Amino acid sequence: MEEIDFIKVVKNEIKDKNLKYVILTFGCQLNENDSEKIAGMLEEMGYSKTDIFENADLVVFNTCCVRENAEERLFGKLGEIKKMKETRNTIIAIGGCMMQEKSMLDKIQKSYKYVDIVFGTHTLQTLPEDLYKVIVKNEKVKEVIDIDGEIIEGLPIKRNDKYRASVTIMYGCNKFCSYCIVPYVRGRERSRSPEDILNEIRDLAKEGYKEITLLGQNVNSYGKDKFKYCKNVDNPEINNFAKLLRAVCDIDGIEKVKFMSPHPRDFTDDVIETIRDCKKVTRMIHMPLQSGNSKVLKEMNRGYTKEEFLELAKKMKDNIPDLNLSTDIIVGFPGETEEEFDDTLDVVRKVEFEQIFMFIYSKREGTRAAARVDQVPEEIKHKRFDRLKELYDSQVELQNERYIGTVQSIMIEGPSKNDETKFCGRTDSNRVIVFDPTGKEKIGDIVNIKITENHKWFLSGEIV
Ligand code: SAH
Ligand code: SF4
Ligand code: F3S
(Lines give C-alpha, C1' and ligand atoms only; values in the text may rest on other atoms or scores of the structure.)
(Ligands and ions follow the chains in the order given, each with its own letter.)
Protein backbone atom coordinates (compact mmCIF):
# COMPACT_ATOMS: atom_id res chain seq x y z
CA MET A 1 0.00 0.00 0.00
CA GLU A 2 1.12 3.58 -0.68
CA GLU A 3 1.27 6.06 2.21
CA ILE A 4 -1.75 7.89 0.85
CA ASP A 5 -3.73 4.61 1.09
CA PHE A 6 -2.70 4.23 4.73
CA ILE A 7 -4.09 7.72 5.34
CA LYS A 8 -7.41 6.61 3.84
CA VAL A 9 -7.55 3.35 5.79
CA VAL A 10 -6.82 5.06 9.11
CA LYS A 11 -9.33 7.77 8.29
CA ASN A 12 -11.98 5.16 7.68
CA GLU A 13 -11.07 3.25 10.82
CA ILE A 14 -11.31 6.25 13.16
CA LYS A 15 -14.18 8.13 11.54
CA ASP A 16 -16.99 9.36 13.81
CA LYS A 17 -14.73 8.85 16.82
CA ASN A 18 -13.73 12.53 17.08
CA LEU A 19 -10.15 11.67 18.02
CA LYS A 20 -7.74 14.36 19.16
CA TYR A 21 -3.98 14.81 18.97
CA VAL A 22 -1.29 16.84 20.70
CA ILE A 23 2.21 17.36 19.31
CA LEU A 24 5.00 18.41 21.65
CA THR A 25 7.94 19.90 19.80
CA PHE A 26 11.26 20.08 21.63
CA GLY A 27 13.68 21.27 18.98
CA CYS A 28 14.65 23.95 16.50
CA GLN A 29 12.68 25.53 13.69
CA LEU A 30 13.38 22.54 11.43
CA ASN A 31 11.87 20.33 14.08
CA GLU A 32 8.86 22.67 14.26
CA ASN A 33 8.46 22.52 10.51
CA ASP A 34 8.46 18.70 10.74
CA SER A 35 5.75 18.97 13.41
CA GLU A 36 3.66 21.03 10.99
CA LYS A 37 3.94 18.17 8.51
CA ILE A 38 3.05 15.60 11.18
CA ALA A 39 -0.02 17.73 12.03
CA GLY A 40 -0.87 17.91 8.33
CA MET A 41 -0.87 14.11 8.02
CA LEU A 42 -2.86 13.63 11.23
CA GLU A 43 -5.55 16.10 10.18
CA GLU A 44 -5.79 14.42 6.80
CA MET A 45 -6.52 11.19 8.69
CA GLY A 46 -9.33 12.87 10.58
CA TYR A 47 -7.62 13.71 13.88
CA SER A 48 -8.24 17.20 15.27
CA LYS A 49 -5.88 19.25 17.39
CA THR A 50 -6.31 19.85 21.10
CA ASP A 51 -4.11 21.93 23.38
CA ILE A 52 -5.22 19.97 26.42
CA PHE A 53 -2.85 17.11 27.00
CA GLU A 54 -5.41 15.07 29.00
CA ASN A 55 -7.92 15.17 26.13
CA ALA A 56 -5.57 13.67 23.59
CA ASP A 57 -6.06 10.24 22.03
CA LEU A 58 -2.68 10.52 20.35
CA VAL A 59 0.40 12.28 21.71
CA VAL A 60 3.36 12.83 19.41
CA PHE A 61 6.72 13.86 20.84
CA ASN A 62 9.01 15.48 18.29
CA THR A 63 12.35 15.28 20.06
CA CYS A 64 15.66 17.13 19.98
CA CYS A 65 19.05 15.98 21.25
CA VAL A 66 21.30 18.95 20.56
CA ARG A 67 21.83 19.55 24.29
CA GLU A 68 21.18 17.47 27.37
CA ASN A 69 18.29 19.55 28.73
CA ALA A 70 16.13 18.72 25.69
CA GLU A 71 16.38 15.05 26.68
CA GLU A 72 15.55 15.68 30.31
CA ARG A 73 12.35 17.46 29.29
CA LEU A 74 11.26 14.49 27.19
CA PHE A 75 11.74 11.93 29.95
CA GLY A 76 9.89 14.14 32.41
CA LYS A 77 6.87 14.33 30.12
CA LEU A 78 6.98 10.61 29.29
CA GLY A 79 6.68 9.80 32.97
CA GLU A 80 3.61 12.03 33.25
CA ILE A 81 1.91 10.42 30.32
CA LYS A 82 2.13 6.85 31.58
CA LYS A 83 -1.03 7.34 33.63
CA MET A 84 -2.91 8.67 30.63
CA LYS A 85 -1.95 5.58 28.73
CA GLU A 86 -3.40 3.42 31.50
CA THR A 87 -6.71 5.29 31.85
CA ARG A 88 -7.39 6.45 28.32
CA ASN A 89 -5.25 4.15 26.16
CA THR A 90 -3.70 7.14 24.51
CA ILE A 91 -1.42 6.26 21.58
CA ILE A 92 2.10 7.51 22.21
CA ALA A 93 4.46 8.23 19.33
CA ILE A 94 8.01 9.53 19.62
CA GLY A 95 9.91 10.90 16.68
CA GLY A 96 12.59 13.43 15.89
CA CYS A 97 16.34 13.68 16.23
CA MET A 98 16.74 11.84 19.52
CA MET A 99 15.26 8.71 18.03
CA GLN A 100 18.10 8.64 15.49
CA GLU A 101 20.48 7.97 18.39
CA LYS A 102 20.88 4.25 18.92
CA SER A 103 21.35 4.55 22.71
CA MET A 104 18.15 6.57 23.08
CA LEU A 105 16.20 4.22 20.88
CA ASP A 106 17.40 1.30 23.03
CA LYS A 107 16.43 3.16 26.19
CA ILE A 108 12.88 3.71 24.90
CA GLN A 109 12.60 0.07 23.76
CA LYS A 110 13.79 -1.21 27.12
CA SER A 111 12.39 1.16 29.73
CA TYR A 112 9.37 2.76 28.08
CA LYS A 113 7.54 -0.24 26.74
CA TYR A 114 4.22 1.61 26.75
CA VAL A 115 5.37 3.77 23.83
CA ASP A 116 3.51 2.63 20.69
CA ILE A 117 5.41 4.21 17.83
CA VAL A 118 8.99 5.35 17.36
CA PHE A 119 9.93 7.10 14.14
CA GLY A 120 13.00 8.98 12.93
CA THR A 121 13.73 12.15 10.99
CA HIS A 122 14.31 10.42 7.65
CA THR A 123 10.93 8.77 7.34
CA LEU A 124 8.26 11.16 8.64
CA GLN A 125 6.01 10.08 5.81
CA THR A 126 5.58 6.58 7.26
CA LEU A 127 3.61 7.86 10.26
CA PRO A 128 0.22 6.96 8.64
CA GLU A 129 1.49 3.42 8.08
CA ASP A 130 2.75 3.23 11.67
CA LEU A 131 -0.63 4.39 12.97
CA TYR A 132 -2.34 1.85 10.75
CA LYS A 133 -0.26 -0.92 12.32
CA VAL A 134 -1.10 0.25 15.84
CA ILE A 135 -4.79 0.92 15.28
CA VAL A 136 -5.74 -1.83 12.83
CA LYS A 137 -3.18 -4.54 13.50
CA ASN A 138 -2.59 -3.85 17.15
CA GLU A 139 1.19 -3.91 16.72
CA LYS A 140 3.90 -1.68 18.13
CA VAL A 141 6.26 0.03 15.68
CA LYS A 142 9.74 0.86 16.82
CA GLU A 143 11.97 0.98 13.80
CA VAL A 144 14.14 3.87 12.81
CA ILE A 145 15.70 4.01 9.39
CA ASP A 146 19.10 5.62 9.14
CA ILE A 147 19.50 6.07 5.39
CA ASP A 148 19.46 9.45 3.68
CA GLY A 149 16.60 8.63 1.35
CA GLU A 150 15.18 10.59 -1.51
CA ILE A 151 13.51 13.84 -0.48
CA ILE A 152 9.78 13.35 -0.09
CA GLU A 153 7.66 16.18 -1.47
CA GLY A 154 3.99 16.96 -1.17
CA LEU A 155 3.26 15.88 2.41
CA PRO A 156 0.19 17.64 3.77
CA ILE A 157 1.04 20.45 6.18
CA LYS A 158 -0.88 22.25 8.91
CA ARG A 159 0.92 25.52 9.60
CA ASN A 160 1.01 27.19 13.00
CA ASP A 161 0.65 30.74 11.70
CA LYS A 162 -1.46 32.49 9.08
CA TYR A 163 1.06 35.08 7.91
CA ARG A 164 4.50 33.64 8.55
CA ALA A 165 5.64 30.33 7.14
CA SER A 166 8.80 28.28 7.41
CA VAL A 167 10.03 26.43 4.36
CA THR A 168 12.76 23.83 4.72
CA ILE A 169 15.14 24.19 1.78
CA MET A 170 17.62 21.51 2.77
CA TYR A 171 17.95 18.65 5.21
CA GLY A 172 20.99 17.36 7.10
CA CYS A 173 24.44 18.78 7.74
CA ASN A 174 27.93 17.92 6.48
CA LYS A 175 29.93 20.28 8.69
CA PHE A 176 30.64 17.99 11.65
CA CYS A 177 31.47 20.69 14.17
CA SER A 178 33.19 18.64 16.85
CA TYR A 179 30.61 19.39 19.60
CA CYS A 180 27.51 18.80 17.53
CA ILE A 181 25.26 15.77 17.18
CA VAL A 182 23.13 17.13 14.33
CA PRO A 183 25.12 15.59 11.41
CA TYR A 184 24.74 12.17 13.07
CA VAL A 185 20.99 12.40 13.57
CA ARG A 186 19.98 14.38 10.50
CA GLY A 187 22.24 12.72 7.96
CA ARG A 188 23.97 14.24 4.92
CA GLU A 189 23.03 17.53 3.29
CA ARG A 190 20.11 17.10 0.94
CA SER A 191 18.83 20.14 -0.98
CA ARG A 192 15.26 20.31 -2.20
CA SER A 193 14.77 21.17 -5.84
CA PRO A 194 14.42 24.94 -6.45
CA GLU A 195 11.10 24.50 -8.25
CA ASP A 196 9.58 22.55 -5.37
CA ILE A 197 10.65 25.31 -2.97
CA LEU A 198 9.48 28.16 -5.19
CA ASN A 199 6.15 26.48 -5.92
CA GLU A 200 5.56 25.98 -2.21
CA ILE A 201 6.27 29.68 -1.59
CA ARG A 202 4.12 30.82 -4.54
CA ASP A 203 1.24 28.81 -3.08
CA LEU A 204 1.88 30.35 0.34
CA ALA A 205 1.79 33.83 -1.17
CA LYS A 206 -1.56 33.01 -2.79
CA GLU A 207 -2.89 31.88 0.59
CA GLY A 208 -1.94 35.27 2.07
CA TYR A 209 1.39 34.45 3.72
CA LYS A 210 3.68 37.48 3.85
CA GLU A 211 6.79 36.33 5.63
CA ILE A 212 8.91 33.33 4.69
CA THR A 213 11.76 31.80 6.67
CA LEU A 214 14.02 29.53 4.64
CA LEU A 215 15.31 26.75 6.87
CA GLY A 216 18.31 24.46 6.88
CA GLN A 217 21.27 23.65 9.14
CA ASN A 218 23.51 25.45 6.65
CA VAL A 219 21.33 27.33 4.23
CA ASN A 220 24.28 28.71 2.33
CA SER A 221 25.42 25.19 1.44
CA TYR A 222 22.22 24.96 -0.60
CA GLY A 223 22.79 23.17 -3.92
CA LYS A 224 26.26 21.87 -3.08
CA ASP A 225 24.96 18.31 -3.15
CA LYS A 226 24.04 18.88 -6.82
CA PHE A 227 20.45 17.92 -5.97
CA LYS A 228 21.26 14.23 -6.04
CA TYR A 229 18.51 13.39 -3.55
CA CYS A 230 15.76 15.08 -5.60
CA LYS A 231 13.43 13.25 -7.95
CA ASN A 232 13.65 15.96 -10.58
CA VAL A 233 15.29 19.36 -10.84
CA ASP A 234 13.32 21.62 -13.16
CA ASN A 235 15.31 24.78 -12.73
CA PRO A 236 19.02 23.96 -12.82
CA GLU A 237 20.06 27.64 -13.05
CA ILE A 238 19.12 28.12 -9.41
CA ASN A 239 21.99 26.09 -8.02
CA ASN A 240 23.14 28.06 -4.97
CA PHE A 241 21.75 29.95 -2.00
CA ALA A 242 22.18 33.46 -3.39
CA LYS A 243 20.20 32.59 -6.52
CA LEU A 244 17.48 30.88 -4.53
CA LEU A 245 17.18 33.86 -2.20
CA ARG A 246 16.78 36.21 -5.17
CA ALA A 247 14.12 33.98 -6.73
CA VAL A 248 12.19 33.87 -3.43
CA CYS A 249 12.30 37.66 -3.17
CA ASP A 250 10.87 37.93 -6.70
CA ILE A 251 7.65 36.23 -5.63
CA ASP A 252 4.78 38.72 -5.49
CA GLY A 253 2.93 38.91 -2.22
CA ILE A 254 5.90 37.87 -0.08
CA GLU A 255 7.03 40.94 1.82
CA LYS A 256 9.68 39.61 4.17
CA VAL A 257 12.27 36.89 3.74
CA LYS A 258 14.39 35.43 6.54
CA PHE A 259 16.75 32.46 6.68
CA MET A 260 18.19 30.23 9.43
CA SER A 261 21.07 29.37 9.77
CA PRO A 262 23.86 30.37 7.48
CA HIS A 263 27.43 29.26 8.23
CA PRO A 264 30.08 32.01 8.37
CA ARG A 265 32.47 29.79 6.38
CA ASP A 266 30.12 29.76 3.36
CA PHE A 267 28.93 33.36 3.56
CA THR A 268 30.06 34.29 0.07
CA ASP A 269 29.97 37.74 -1.54
CA ASP A 270 27.07 36.82 -3.83
CA VAL A 271 24.92 36.21 -0.73
CA ILE A 272 25.94 39.60 0.71
CA GLU A 273 25.12 41.30 -2.61
CA THR A 274 21.75 39.57 -2.78
CA ILE A 275 20.82 40.75 0.70
CA ARG A 276 21.99 44.26 -0.18
CA ASP A 277 19.87 44.31 -3.38
CA CYS A 278 16.75 42.56 -2.12
CA LYS A 279 15.00 44.78 0.38
CA LYS A 280 12.62 41.99 1.33
CA VAL A 281 15.44 40.15 3.11
CA THR A 282 15.36 41.18 6.75
CA ARG A 283 18.22 43.27 8.05
CA MET A 284 18.76 40.82 10.89
CA ILE A 285 21.07 38.00 9.91
CA HIS A 286 21.91 35.10 12.17
CA MET A 287 25.64 34.41 12.06
CA PRO A 288 26.69 31.73 14.56
CA LEU A 289 30.03 32.60 16.15
CA GLN A 290 30.28 29.70 18.70
CA SER A 291 33.61 30.96 20.04
CA GLY A 292 35.74 34.06 19.55
CA ASN A 293 39.06 32.26 19.94
CA SER A 294 40.87 30.94 16.88
CA LYS A 295 42.32 27.89 18.64
CA VAL A 296 38.94 26.87 20.05
CA LEU A 297 37.32 27.51 16.66
CA LYS A 298 39.85 25.20 15.06
CA GLU A 299 39.12 22.49 17.60
CA MET A 300 35.43 23.03 17.01
CA ASN A 301 36.08 22.47 13.28
CA ARG A 302 34.32 25.71 12.40
CA GLY A 303 36.58 26.62 9.50
CA TYR A 304 37.22 30.30 10.37
CA THR A 305 39.39 32.30 12.76
CA LYS A 306 38.49 35.15 15.11
CA GLU A 307 39.90 37.64 12.60
CA GLU A 308 38.02 36.11 9.68
CA PHE A 309 34.75 36.31 11.59
CA LEU A 310 35.36 39.96 12.51
CA GLU A 311 36.26 40.72 8.90
CA LEU A 312 33.11 39.05 7.63
CA ALA A 313 30.93 40.92 10.14
CA LYS A 314 32.54 44.20 9.06
CA LYS A 315 32.16 43.44 5.35
CA MET A 316 28.49 42.63 5.87
CA LYS A 317 27.82 45.77 7.90
CA ASP A 318 29.72 47.94 5.38
CA ASN A 319 27.79 46.55 2.44
CA ILE A 320 24.30 46.20 3.91
CA PRO A 321 23.03 49.41 5.50
CA ASP A 322 21.15 48.98 8.81
CA LEU A 323 22.29 45.38 9.17
CA ASN A 324 21.97 43.70 12.55
CA LEU A 325 23.56 40.41 13.47
CA SER A 326 22.43 37.75 15.89
CA THR A 327 24.52 34.80 16.94
CA ASP A 328 24.93 31.54 18.86
CA ILE A 329 27.74 31.14 21.39
CA ILE A 330 28.90 28.07 23.30
CA VAL A 331 30.78 28.61 26.56
CA GLY A 332 32.96 25.96 28.17
CA PHE A 333 33.99 23.95 25.13
CA PRO A 334 36.50 21.27 26.28
CA GLY A 335 39.90 22.78 27.01
CA GLU A 336 38.65 26.39 26.80
CA THR A 337 40.86 28.55 29.04
CA GLU A 338 39.95 31.85 30.69
CA GLU A 339 42.01 33.76 28.12
CA GLU A 340 40.37 31.93 25.25
CA PHE A 341 36.95 32.74 26.68
CA ASP A 342 38.01 36.40 26.91
CA ASP A 343 38.37 36.36 23.12
CA THR A 344 34.67 35.46 22.87
CA LEU A 345 33.82 38.47 25.05
CA ASP A 346 36.10 40.58 22.86
CA VAL A 347 34.22 39.62 19.68
CA VAL A 348 30.89 40.27 21.43
CA ARG A 349 32.12 43.74 22.41
CA LYS A 350 33.32 44.47 18.89
CA VAL A 351 30.43 43.12 16.83
CA GLU A 352 27.61 44.25 19.18
CA PHE A 353 25.17 41.52 18.25
CA GLU A 354 21.49 42.42 18.50
CA GLN A 355 20.68 39.04 19.91
CA ILE A 356 22.81 36.26 21.38
CA PHE A 357 21.65 32.72 21.99
CA MET A 358 24.01 31.50 24.69
CA PHE A 359 24.66 27.85 25.42
CA ILE A 360 26.63 26.02 28.02
CA TYR A 361 28.64 23.29 26.30
CA SER A 362 26.82 20.00 26.63
CA LYS A 363 28.61 16.72 26.06
CA ARG A 364 27.02 14.73 23.24
CA GLU A 365 28.09 11.08 23.11
CA GLY A 366 29.53 10.11 19.75
CA THR A 367 30.92 13.55 18.92
CA ARG A 368 34.66 14.22 18.89
CA ALA A 369 34.56 16.84 21.65
CA ALA A 370 32.76 14.45 24.01
CA ALA A 371 35.75 12.11 23.94
CA ARG A 372 38.12 14.81 25.23
CA VAL A 373 39.48 14.40 28.71
CA ASP A 374 39.83 18.15 29.37
CA GLN A 375 36.15 18.89 29.93
CA VAL A 376 35.55 22.24 31.67
CA PRO A 377 34.03 21.86 35.17
CA GLU A 378 30.32 22.77 35.41
CA GLU A 379 30.98 25.57 37.87
CA ILE A 380 33.40 27.33 35.53
CA LYS A 381 31.07 26.91 32.58
CA HIS A 382 28.28 28.57 34.56
CA LYS A 383 30.52 31.43 35.65
CA ARG A 384 31.52 32.09 32.04
CA PHE A 385 27.89 31.94 30.97
CA ASP A 386 27.01 34.58 33.60
CA ARG A 387 29.84 36.85 32.47
CA LEU A 388 28.74 36.62 28.86
CA LYS A 389 25.15 37.30 29.85
CA GLU A 390 26.15 40.32 31.88
CA LEU A 391 28.04 41.80 28.95
CA TYR A 392 25.16 41.12 26.59
CA ASP A 393 22.57 42.63 28.96
CA SER A 394 24.59 45.83 29.19
CA GLN A 395 24.73 45.99 25.39
CA VAL A 396 20.96 45.47 25.08
CA GLU A 397 20.38 48.51 27.32
CA LEU A 398 22.46 50.67 25.00
CA GLN A 399 20.92 49.20 21.86
CA ASN A 400 17.38 49.90 23.15
CA GLU A 401 18.31 53.55 23.50
CA ARG A 402 19.48 53.58 19.89
CA TYR A 403 16.01 52.57 18.69
CA ILE A 404 14.49 55.81 20.00
CA GLY A 405 13.61 58.03 17.07
CA THR A 406 14.01 55.28 14.45
CA VAL A 407 11.18 53.97 12.27
CA GLN A 408 10.65 50.21 12.40
CA SER A 409 8.60 48.15 9.99
CA ILE A 410 6.76 45.42 11.90
CA MET A 411 4.00 42.91 11.33
CA ILE A 412 1.09 43.29 13.75
CA GLU A 413 0.95 40.12 15.87
CA GLY A 414 -2.13 40.99 17.93
CA PRO A 415 -3.19 42.91 21.04
CA SER A 416 -0.47 43.65 23.57
CA LYS A 417 -0.40 41.20 26.49
CA ASN A 418 -0.37 43.92 29.14
CA ASP A 419 -2.84 46.31 27.55
CA GLU A 420 -5.50 44.94 25.20
CA THR A 421 -6.22 48.39 23.73
CA LYS A 422 -2.76 48.40 22.17
CA PHE A 423 -1.27 46.33 19.36
CA CYS A 424 2.14 44.70 19.37
CA GLY A 425 4.65 43.24 16.94
CA ARG A 426 8.37 42.55 16.71
CA THR A 427 11.23 44.15 14.88
CA ASP A 428 13.40 41.89 12.76
CA SER A 429 15.78 41.94 15.69
CA ASN A 430 13.07 40.45 17.91
CA ARG A 431 12.38 43.60 19.99
CA VAL A 432 8.73 43.82 21.08
CA ILE A 433 7.07 47.06 19.96
CA VAL A 434 3.77 48.26 21.44
CA PHE A 435 1.65 50.99 19.85
CA ASP A 436 -1.86 52.51 19.79
CA PRO A 437 -3.87 51.37 16.76
CA THR A 438 -5.68 54.04 14.72
CA GLY A 439 -8.55 51.62 14.01
CA LYS A 440 -7.58 50.95 10.41
CA GLU A 441 -4.96 48.28 11.03
CA LYS A 442 -5.54 44.58 11.41
CA ILE A 443 -3.48 41.61 12.56
CA GLY A 444 -0.99 40.54 9.88
CA ASP A 445 -0.59 44.08 8.45
CA ILE A 446 2.91 45.46 8.14
CA VAL A 447 3.11 48.96 9.62
CA ASN A 448 5.82 51.58 10.24
CA ILE A 449 6.28 52.60 13.85
CA LYS A 450 8.33 55.50 15.10
CA ILE A 451 9.92 54.40 18.37
CA THR A 452 9.41 56.88 21.20
CA GLU A 453 10.07 55.09 24.51
CA ASN A 454 12.30 52.40 25.97
CA HIS A 455 10.59 50.23 28.63
CA LYS A 456 13.52 47.79 28.98
CA TRP A 457 11.56 44.62 28.01
CA PHE A 458 9.72 46.34 25.17
CA LEU A 459 9.71 49.56 23.18
CA SER A 460 6.71 51.74 22.41
CA GLY A 461 6.00 54.07 19.54
CA GLU A 462 3.43 55.49 17.16
CA ILE A 463 2.25 54.69 13.65
CA VAL A 464 3.76 56.94 10.97
N1 SAH B 1 23.39 24.57 12.12
C2 SAH B 1 23.25 25.61 13.02
C3 SAH B 1 23.07 25.24 14.45
C4 SAH B 1 22.23 24.16 14.91
S5 SAH B 1 22.27 23.79 16.60
C6 SAH B 1 24.49 26.42 12.97
O7 SAH B 1 25.55 25.94 12.67
O8 SAH B 1 24.37 27.56 13.28
C9 SAH B 1 21.97 25.35 17.35
C10 SAH B 1 23.02 25.78 18.26
O11 SAH B 1 23.14 24.90 19.34
C12 SAH B 1 24.41 25.84 17.69
O13 SAH B 1 24.63 26.98 16.94
C14 SAH B 1 25.27 25.78 18.91
O15 SAH B 1 25.53 27.06 19.41
C16 SAH B 1 24.42 25.02 19.90
N17 SAH B 1 24.96 23.71 20.17
C18 SAH B 1 25.13 22.68 19.31
N19 SAH B 1 25.70 21.63 19.93
C20 SAH B 1 25.90 22.00 21.21
C21 SAH B 1 26.48 21.35 22.35
N22 SAH B 1 26.95 20.14 22.29
N23 SAH B 1 26.50 22.06 23.51
C24 SAH B 1 26.03 23.30 23.59
N25 SAH B 1 25.49 23.96 22.55
C26 SAH B 1 25.43 23.31 21.37
FE1 SF4 C 1 25.95 21.37 14.07
FE2 SF4 C 1 27.93 22.65 12.96
FE3 SF4 C 1 26.15 21.41 11.42
FE4 SF4 C 1 25.48 23.62 12.76
S5 SF4 C 1 27.00 23.47 11.14
S6 SF4 C 1 24.32 21.72 12.63
S7 SF4 C 1 26.64 23.44 14.63
S8 SF4 C 1 27.59 20.45 12.83
FE1 F3S D 1 17.51 19.58 17.86
FE2 F3S D 1 17.39 18.11 15.72
FE3 F3S D 1 17.01 20.69 15.54
S4 F3S D 1 18.84 17.88 17.38
S5 F3S D 1 18.26 21.48 17.19
S6 F3S D 1 15.74 19.27 16.61
S7 F3S D 1 17.99 19.40 14.05
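This report covers the domain layout, one domain interface and the ligand surroundings of a predicted model.

**Domains and the 3–4 interface**

The domain assignment divides the protein into domain 1 (3-135), domain 2 (161-282), domain 3 (291-401) and domain 4 (407-463). Between the C-alpha centres of domain 3 and domain 4 the distance is 31 Å. At their interface, eight residues of domain 3 are in contact with six residues of domain 4. The area buried between domain 3 and domain 4 is about 630 Å², of which 28% is on carbon and sulfur atoms.

One salt bridge is found across the interface of domain 3 and domain 4. In a salt bridge, the side chains of Arg-431 and Glu-354 meet at 3.6 Å, N to O. Six residue pairs in polar contact are also found across the interface of domain 3 and domain 4, with both residues at pLDDT 80 or more. On the side of domain 3 that touches domain 4, helix α13 (residues 378-403) gives the most, with five residues. By class, that side of domain 3 has one nonpolar, four polar and three charged residues.

**Ligand 1**

There are 15 residues around ligand 1, and those that come nearest are Arg-67, Gln-217, Gln-290, Asp-328 and Ser-362. For three of the side chains, the table gives the distance from an N or O atom to an oxygen atom of ligand 1.

| Side chain | Distance to an oxygen atom of ligand 1 |
|---|---|
| Arg-67 | 2.7 Å |
| Gln-290 | 2.7 Å |
| Asp-328 | 2.6 Å |

**Ligands 2 and 3**

The shell around ligand 2 includes the cysteines Cys-173, Cys-177 and Cys-180. Also around ligand 2 are Lys-175, Phe-176, Tyr-179, Val-182, Pro-183, Gln-217, Asn-218, His-263 and Arg-302. Sorted by class, the residues around ligand 2 are seven nonpolar, three polar and two charged.

Around ligand 3, the cysteines are Cys-28, Cys-64, Cys-65 and Cys-97. The shell of ligand 3 also holds Gly-27, Asn-31, Val-66, Arg-186 and Gln-217. Its classes are five nonpolar, three polar and one charged.

Which residue recurs in the lists for the ligands? Gln-217 is among the residues that come nearest to ligand 1, is one of the residues around ligand 2, and is also listed around ligand 3.

How values were computed. Residues are numbered from 1 along each chain as its sequence is written. Chains are lettered from A and ligands numbered from 1 in the order in which they are written. This is a predicted model: local features need pLDDT of at least 70, side-chain atom pairs count only at pLDDT 80 or more; totals for chains, interfaces and linings use all residues. Side-chain values use heavy atoms; hydrogens and water are left out. A residue is near a molecule or strand if one of its heavy atoms lies within 4 Å of it. Ala, Val, Leu, Ile, Met, Phe, Trp, Tyr, Cys and Pro count as nonpolar, Asp, Glu, Lys and Arg as charged, and the others, Gly among them, as polar. Domain bounds come from an automatic or database domain assignment. Contact means heavy atoms within 4.5 Å. Buried area is the accessible area (1.4 Å probe) that two parts lose on being put together, summed over both. A salt bridge is a side-chain nitrogen of Lys or Arg within 4 Å of a carboxyl oxygen of Asp or Glu. A polar contact is a pair of N or O atoms within 3.5 Å; within protein, one must be able to donate a hydrogen and the other to accept it, and residues adjacent in sequence count only if both atoms are side-chain atoms. Helices (H or I, at least four residues) and strands (E, at least two) are DSSP runs, numbered from the N terminus.
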